[in-house]
Amino acid sequence: MMTKALDYFDPAYDYEGNLPAALARAKASFFVASFSTDWRFAPARSREIVFALLHNRRRVVYAEIDCGAGHDSFLLDDPHYHALLRAYLENIAV
């Protein structure tokens, strides 16, 4: 069931496919990471999300990490990914 939800989820569905409109109410800053070989959440889709956030003048950091492990890349102990995430989290104002 979870895989089906991931396959069919479209945040822009209620906005006639307009992703910037769907994300217009977002108030947070964002860290978007993608992995070069992720087939489920491809880097191209992550870049679309980044563009939609930038369109709405949201703060966003984007990282595309080269990793050959496909969709499971985020589960690995990847030093580059962890360093980027750590740097982002350390710069969040509390």
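**Close-up views of the pocket, S46 and a surface patch**

**View 1. The largest pocket comes in at a volume of about 540 Å³.** Keep in mind that this is a predicted model. Three elements each give two or more residues to the lining of this pocket: α1, β1 (30–35) and α3. Strand β1 chips in the most, with five residues. In total, 19 residues line the pocket. Zoom in on its centre and you'll find R40, F41, R45, S46 and I49 lying nearest to that point.

**View 2. S46, one of the residues nearest the centre of the largest pocket, up close.** This serine sits in helix α3, which covers residues 43–55. Is S46 buried or exposed? With a relative accessible area of just 8%, S46 falls under the 20% cut-off, so it counts as buried. Who are its contacts, once residues up to four places away in sequence are set aside? S46 touches V32, A33, S34 and Y62.

**View 3. A nonpolar patch on the surface, made by M2, L6 and F41.** Taken together, the three residues have about 300 Å² of accessible area. M2 belongs to helix α1, which runs over residues 2–8. The relative accessible area of M2 is 62%, and the cut-off for exposed is over 50%, so M2 counts as exposed. F41 is worth a second look here: this phenylalanine is part of the patch, and it's also among the residues nearest the centre of the largest pocket.

Key:
Residues numbered from 1 in each chain as written. Predicted model: local features only at pLDDT ≥ 70, side-chain atom pairs only at ≥ 80, totals over all residues. Heavy atoms only, no water. Patch = residues over 30% accessible without salt bridge, like charges linked within 9 Å, V, L, I, M, F, W, Y side chains within 5 Å. Areas by Shrake-Rupley, 256 points an atom, 1.4 Å probe, with all protein chains shown as cover. Salt bridge = Lys/Arg side-chain N within 4 Å of Asp/Glu carboxyl O. Helix = DSSP H or I, 4+ residues; strand = E, 2+ residues; numbered from the N terminus. Buried < 20%, exposed > 50% of the residue type's maximum accessible area, 1.4 Å probe, protein only. Contact = heavy atoms within 4.5 Å. 1 Å grid on protein atoms, 1.4 Å probe; cavity = no way out; pocket = protein on both sides within 12 Å on 5 of 7 lines; lining within 4 Å. Points joined across faces, edges and corners; volume = space filled by probe spheres on them.
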